[in-house]
Amino acid sequence: MTLPLFFFYLFSTIVIASALMVIASRNPVHSVLFLILAFVNAAGIFMLAGAEFLALILIVVYVGAVAVLFLFVVMMLDVDFGELRRGMLQYMPVGALIGIILLLELLLVAGAAYLVPEAAGSGALPIDGGIENTRALGLVLYTRYIYLFQASGLILLVAMIGAIVLTLRHKPNVKRQDVAKQTARNKATGVEVVKVESGKGL
Amino acid sequence: MDSILFALDYLFGAPIFGLGTMIGFVWKALLLLVTLLVFTAYVLLADRKIWAAVQIRRGPNVVGAFGLFQSFADLLKFVFKEPVIPAGADKAVFLLAPLVTVLLALSAWAVVPVAEGWVLADINVGILYIFAISSLGVYGIIMGGWASNSKYPFLGALRSAAQMVSYEVSIGFVIITVLLCVGSLNLTHIVIAQQEMGLAHALGVPWLTFLNWFWLPLFPMFVIFFISALAETNRPPFDLPEAESELVAGFMVEYGSTPYMMFMLGEYVAIILMCALTTILFLGGWSAPIDLPPFTWIPGAVWFVLKLSLVFFMFAMVKAFVPRYRYDQLMRLGWKVFLPISLFMVVAVAAVLQLTGWGWHGGMA
């Protein structure tokens with residue numbers, strides 16, 4: 001067995017095993033940690049396929065930021081593990097249905113060339129060896145798909161503004177620190193020198 | 001299969017599947033690891049010595065001359081003590097946390113070019129790799145804080161999660177401005193670009209290499225990067241995850257002996273990595289400051305270590321004389337000051353490069 005093949009099977013085994021553990025483990029925090037393990041190994045598979053930019057972006061965005069916040073929230077939840085387990089059988093049929101649909105879709109994508117001969121060659125293109133895939137992505141993203149790219153950026157901006165509008169509350173009775181005001185304080189405005197005669201007080 | 005093989009070859013720059021090259025690779029990795037660990041031991045000592053000197057103390061001076069073997073004595077002490085695991089702790093995660101910290105910190109070094117060609121894996125997305133690995137560093141802290149099942153560690157972990165995610169954003173933008181100037185994500189290219197273009201060339205004195213380096217044209221980004229690096233590595237004045245006056249020792253309260261040592265080791269290796277990254281991005285990596293004989297006789301690796309040590313000296317001085325930030329001020333600095341400035345600089349640098357045609361074009365495929 002060659003080394004890349006070995007790593008492919010290693011990564012995919014860990015992805016599948018940790019994906020199973022995400023739904024099987026008793027502790028929600030362990031679930032999130034297994035999810036992170038699955039992400040990292042998925043990045044490994046990307047790397048093997050020659051998509052090193054996507055692999056590292058997956059780690060930076062999903063593992064480095066999204067999953068951290070996810071973990072953050074799950075850790076602060078007070079979850080009754082017994083209650084959680086009881087619901088599992090109840091939701092199993094729905095979960096299985098969604099899983100099967102996803103599997104079918106993936107099979108359709110992967111096996112399109114077998115079902116419809118005309119579709120051959122329209123799937124993923126092989127990597128062009130002469131060009132880094134960061135550059136290759138940029139060349140496509142900023143030329144052919146520039147409007148879609150900009151539109152998705154705007155959608156994200158709207159989502160961000162929405163989240164801020166929904167959660168930002170100005171409480172009237174909270175004392176807030178105004179840094180500009182503080183640094184603008186000088187001797188004249190901050191200190192009052194009072195001449196106190198002895199025995200009299202102010 | 002061929003495509004995967006090709007991809008791996010492409011990633012590592014050369015075929016790595018022969019047994020001989022494999023052994024060579026392991027040998028190089030071991031050499032780097034041992035050098036790095038010994039260097040870390042002395043950086044730790046230097047940190048304590050500098051801190052002591054600022055406070056007019058002597059610092060560690062008992063083990064060996066000038067305390068030169070202090071770190072090794074500490075190592076033995078940590079290793080021979082009994083690890084205590086709290087009764088309510090999540091044992092697996094508790095022990096995994098320091099391992100994660102130290103392994104991540106060490107693995108980032110695989111792509112750091114110490115001198116021309118002295119790099120384990122000269123991958124073409126090197127800077128992104130380091131960024132990805134350093135963004136994972138937060139997991140060691142969160143896992144440790146949560147698994148300890150205790151109040152102070154958990155508070156430390158929460159603080160750390162928010163802090164590291166916040167400052168990663170500005171570090172990302174700073175890196176982007178440098179990448180715009182270089183046009184490549186390869187760390188070796190970033191250093192070479194600083195040798196081949198810049199202010200010294202524009203002024204007609206190409207031998208004054210230190211004017212070429214990005215610290216001068218991108219000075220605001222250099223400052224932002226330095227401060228964000230302090231925050232990213234939980235160094236004072238941003239050491240809120242382990243603020244001893246508020247949280248005892250933060251996420252490390254329940255740790256002792258070897259696991260504690262691994263946390264410390266991981267932290268210091270990450271600090272040295274940030275110093276190395278500052279050196280590569282802004283101080284010209286291994287290149288000599290003046291491209292004339294007495295300076296060029298000194299090998300590149302020595303220059304690299306010298307510059308790295310200079311940056312670390314600044315880290316240590318900041319630790320010694322800047323008081324700790326309050327948490328809301330820390331968040332304000334990250335989101336309201338650094339983020340807008342760095343975002344604006346990305347746009348400004350991109351505009352300048354586009355309009356003037358400056359920037360390095362050697363990395364183009």
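**Close-up 1. The largest cavity holds about 280 Å³ of space.** This is a predicted model, where local features need pLDDT of at least 70 and side-chain atom pairs count only at pLDDT 80 or more, while totals for chains, interfaces and linings use all residues. Residues are numbered from 1 along each chain as its sequence is written, chains are lettered from A in the order in which they are written, and side-chain values use heavy atoms, with hydrogens and water left out. A cavity here is a set of points on a 1 Å grid over the protein atoms alone where a 1.4 Å probe fits but cannot get out, and lining residues have an atom within 4 Å of a point. Grid points are joined across faces, edges and corners, and the volume is the space filled by probe spheres set on them. Of the 19 lining residues, B:Thr101, B:Gly137, B:Met164, B:Gly266 and B:Ala270 sit closest to the centre. Helices H4 (91–107), H5 (126–136) and H13 (257–282) of chain B each chip in at least two lining residues, and H13(B) has the largest share with six. Helices are DSSP runs (H or I, at least four residues), numbered from the N terminus. By class, the lining has 11 nonpolar, six polar and two charged residues. Nonpolar means Ala, Val, Leu, Ile, Met, Phe, Trp, Tyr, Cys and Pro, charged means Asp, Glu, Lys and Arg, and the others, Gly among them, go down as polar.

**Close-up 2. The second largest cavity comes to about 30 Å³.** The count of cavities of 30 Å³ or more is two. Residues lining this one include B:Val111, B:Val119, B:Asp122, B:Asn186 and B:Thr188. The split is five nonpolar, three polar and one charged.

**Close-up 3. The second largest pocket takes up about 1,800 Å³.** A pocket is an open set of points with protein on both sides within 12 Å along at least five of seven lines. Of its 49 lining residues, the closest to the centre are A:Phe11, A:Val40, B:Ser107, B:Tyr129 and B:Ile133. Elements giving two or more lining residues are H1, H2 and H3 of chain A, together with H1 (2–12), H2 (19–54), H4, H5 and H6 (138–147) of chain B. H2(A) gives the most, 11 residues. The lining has 45 nonpolar and four polar residues, with no charged ones.

**Close-up 4. Chains A and B meet through 36 residues of A and 40 of B.** Contact means heavy atoms within 4.5 Å. The two chains bury about 3,300 Å² between them, 76% of it on carbon and sulfur atoms; buried area is the accessible area (1.4 Å probe) lost on being put together, summed over both parts. There are four residue pairs in polar contact between the chains, both residues at pLDDT 80 or more. A polar contact is a pair of N or O atoms within 3.5 Å, one able to donate a hydrogen and the other to accept it within protein; residues adjacent in sequence count only if both atoms are side-chain atoms. On the chain A side, H3(A) has the largest share, 14 residues. That side divides into 23 nonpolar, 10 polar and three charged residues.

**Close-up 5. B:Asp47 and B:Lys319 form a salt bridge, with the closest N and O atoms 3.4 Å apart.** B:Asp47 is in helix H2 and B:Lys319 in helix H15 (residues 300–321) of chain B, 272 residues apart. A salt bridge puts a side-chain nitrogen of Lys or Arg within 4 Å of a carboxyl oxygen of Asp or Glu. Over all chains there are five salt bridges, and between chain A and chain B the count is zero.
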